[in-house]
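Thanks for sharing this one. Here are my notes, in the order in which I would walk through the structure with you.

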Amino acid sequence: MSDAESPGNPTLTPDAQTDDFEAVEVFPDSTDMDLRPGADNCYKCTACDVSCPVAEVDDEFPGPKFQGPEQWRLKRKEDEAVDDSIMSCSNCMRCDDACPSGVPLSQMHNTARGEYVDEEMDKLSREYIRNRILANYGTLAQLGSMFPRLANAVMGNSVVQRINEKVLGITAERDFPEFATQTFREWWNERGGPQVRSEEKRVAYFHGCYSNYNTPEVGKAMVRLFESFGYEVVVPKQRCSGTPMFANGMLDDAKRAAGINVENFAGLIPEGYDIIASCTSCSMSLRQEYPELFDIDGIEDLSAHTYEALEYLRIHEDLESAVREASVEDQSFAYHAPCHGRNQGLDRQAVELFRQLDGVEIEDVGDSCSGISGTYGWKEEKYDKSMQIGADMFDHMEHAQGNVGMTECPTCSMQMEHGTGYDIKHPLQLLEEALV
Amino acid sequence: MAITDDVLVIGGGIAACTAALSAAETGARVRLLAHKKSTLRQASGLVDVLGYAGGDGPLSDPYAGLDALPEGHPYHIVGEDGVRAGLRIFEEAVGDAYRGGHTDSNALVTTHGGAVKPTARYPESVAPGLVSTSGDMLLVGLAGLTDFDAPVAADHLAAAGVPFSARGVTVEFPKRFRADAKVTRFAKALDRDEDVDGGTVRSVLADTVAEELDGESRVGFPAMLGDDHDEEVRAELSDRLGVPVFEVPTGPPSLLGLKLEDMLFDALDEAGVRISAGNPAVDFEADDGRVETVIVDQKSRPTPYSADQVVLATGGLVGKGLDSDRESVTEPVFGCHVPHPEDRYDWSEPEAFGDHAFARFGVVPDDELRPTDEDGEPHFENLRAAGGVVGGADVAREKSASGVSLATGAVAGRLAGEEATR
């Protein structure tokens, strides 16, 4: 029991408590987050700082230990503002995985960033507007995919890219991801929804923004694969998982989206559905950030029933035997595990599985961060750092035997492609090729 | 349907890695189930076997001290053969990166506090700084790295009566970083040999230290001399200074511990061990006296892993393989019996470095390293334990932590592998 939890302190008079001493709220309202136990658990071993990819390339960045427990303590004084360095955290969440003491670092960062954006950031500033646009990629993509060819031509235009950089601060170094001419949901509706019906085996697919607007082939692979195992797949209406919103401190936007997602998915759970995501940041968000940050009816239930696609099949089917009996044409992959997949304990599953698939060579390109971290690497002022973080991965990819990349994360795949020029596949696409 | 293997090793430290490598040697299909990043990154990177026993020490021959250890010590179960098996697996995993295998005798290594630690295997970069070799020593501390106070460490060495003179100086690193920069930032600057006023980091650091050098025949730095290009960094500094350069092991974040972690995990990969890391084992299902399934808390969702044999290598009180509150001490995954005095004031002694009962808390293994219940019967036919979770050793006072982990890991892993492939 820490001293702060002791009821009453005999050396302090009641007056002193009201004038000079501000008591810490130990038992806040049940709807508030209590980050104190997390802060108290930090014994300053610096394991988080050493594992932080931003701190490794950015000498100005104070690292996760400061952004989390130390800043939380500083903030007990009401006139202390959140330090602006919080905006340099890329929300890769590797510190969570490094902490041997259970400090909820990413939760502390998300909370501090939300507060900074709410209270410190000028809502008319270029940075705020740019971040808001990036955080709401789903909205932008929805517009773009109404006229995909036109949008692709406009966004791919170098003049437009330079204007984006000068006016908005979105780097001109990267090519904007192309919109698919048919979104996943358009395909889904065109095929008439589920082709398999089942009372026992049911999943609801959380496709997220990217497999809907940009890589519908990943979503299609998910559907065909799960249907081949006899699952009924449904695709409820959904909003962005919230990942880019958390990373930019737009917690109100994230909460609105979360409310819709919880409403549309949690109600399916009593009917026997589990929730499947193909993007590891989406599954991370539903599983960890939702219950950590928001108090919404059904949010814990949604978290406990959400899986990444490959993970789900590994647990519920004899996927290994199926893969061992299958074969594909000879191909070699350089696999990168996304940080958010790593944090769910999924970093090795694709390599472990595909090593047993006849025809496939697959090599893990190491445990570094790809450096893009969603919207981080799209920011003009972060672009160089993003590429420095990714340098190890690019190097390992070039030395790997395969010249096709593989990863579960859409923005990691952008970075892998940007740094090496390789085509990038999602594990579901290879699994579909092998098993369907 | 659970994810299924022959042998499941729970843990991510040196005992778990050794158990997994040992089990893999039997041909079993092995999975390592680790929670967070390995605690090896908090460790010094030194591998001790036995430095003090029965009131004697530092021991020059660790094997000679085995008989003097108290009853119930895990070394009595695995014997000298177990210790040697553990060291063999370790040496095969780390190759040339470690020294000390040429002899059964302990080496005496300088710690970052200036104490002298008897140790069986040590990183190559530590070798020139052994106290058991002669040569006057200059210890160099860096102004930004406060964990290593070179003058204090040198005074401490001299007070210990080492047969050479030791002197410590603190210098400015050629490149200035933020006040709380980590040892890894210094290492990176040396790795890349970053440009600074008057040259590069390596050359300017060598010039600075050369000015301080006063006839000493070896120079020690805290363990920060490069990460990816460490051999190159040390060679260049030695060359420029004209004397051997060595590293002094440090506390967390320990570069030597991080490197050991990488080497052991590479060896696991090489041996075909599967690794699932990032989530804790929290529960199990058993049937007919056998563990059938280990339940992993995958972001608050239970995920089953099943195996024929299970090795528990989750660590001791610090590694969280043992849990304690004001009432009792428990082993949280399987609820194995952990004997301890009823009155918690009997758990420790008043002196900080006293003969604490808590240091020896842990599960009680039978002769096959299976944790036993109050009646001395194994809890489960197919569950073994290795490393810090095993009771009976006071590893801090004995200087035996790595050795106990290596030996119990080697034996528990081999037995589990043999059972699973029988």
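1. Let me start with how chain A is divided. The model is a predicted one, and the domain assignment splits chain A into domain 1 (27–119), domain 2 (126–168), domain 3 (184–315) and domain 4 (326–435).

2. Domains 1 and 4 of chain A are worth a look as a pair. Their C-alpha centres are 28 Å apart, and 13 residues of domain 1 are in contact with 13 residues of domain 4. About 1,100 Å² is buried between the two domains, with 53% of that area on carbon and sulfur atoms. On the domain 1 side, V57(A), S90(A) and R94(A) supply 45% of the area buried against domain 4, more than any other three residues.

3. What holds polar interest across that domain interface? The rule finds zero salt bridges between domain 1 and domain 4 of chain A, but four residue pairs in polar contact, both residues at pLDDT 80 or more. The elements giving two or more residues to the domain 1 side are α4 (53–57) and α6 (94–98) of chain A. By class, the residues of that side are six nonpolar, three polar and four charged.

4. Now to the interface between the chains. The contact takes 33 residues from chain B and 43 residues from chain A. Chain B and chain A bury about 3,200 Å² between them, 42% of it on carbon and sulfur atoms.

5. How many salt bridges does the rule find across the interface of chain B and chain A? There are nine. R348(A), for instance, forms a salt bridge with D269(B), with the closest N and O atoms 2.8 Å apart. The rule also finds 20 residue pairs in polar contact across this interface, both residues at pLDDT 80 or more. On the chain B side, α4, α7 (255–270), β13 (274–277) and β16 (302–312) each supply at least two residues. That side has 10 nonpolar, eight polar and 15 charged residues.

6. Finally, please look at K182(B). This residue lies in the loop between β8 (166–171) and α4 (183–192) of chain B. Is K182(B) buried or exposed? K182(B) counts as buried because its relative accessible area is 12%, under the 20% cut-off. Leaving aside residues up to four places away in sequence, K182(B) touches T46(A) and D49(A). Within chain B, a polar atom of the K182(B) side chain lies 2.5 Å from the backbone oxygen of D180(B). The C-alpha atoms of K182(B) and A410(B), 228 residues apart along the chain, are separated by 35 Å.

Terms used
Residues are numbered from 1 along each chain as its sequence is written. Chains are lettered from A and ligands numbered from 1 in the order in which they are written. This is a predicted model: local features need pLDDT of at least 70, side-chain atom pairs count only at pLDDT 80 or more; totals for chains, interfaces and linings use all residues. Side-chain values use heavy atoms; hydrogens and water are left out. Domain bounds come from an automatic or database domain assignment. Contact means heavy atoms within 4.5 Å. Buried area is the accessible area (1.4 Å probe) that two parts lose on being put together, summed over both. A salt bridge is a side-chain nitrogen of Lys or Arg within 4 Å of a carboxyl oxygen of Asp or Glu. A polar contact is a pair of N or O atoms within 3.5 Å; within protein, one must be able to donate a hydrogen and the other to accept it, and residues adjacent in sequence count only if both atoms are side-chain atoms. Helices (H or I, at least four residues) and strands (E, at least two) are DSSP runs, numbered from the N terminus. Ala, Val, Leu, Ile, Met, Phe, Trp, Tyr, Cys and Pro count as nonpolar, Asp, Glu, Lys and Arg as charged, and the others, Gly among them, as polar. Buried means under 20% relative accessible area, exposed over 50%, partly exposed in between (1.4 Å probe, protein chains only).
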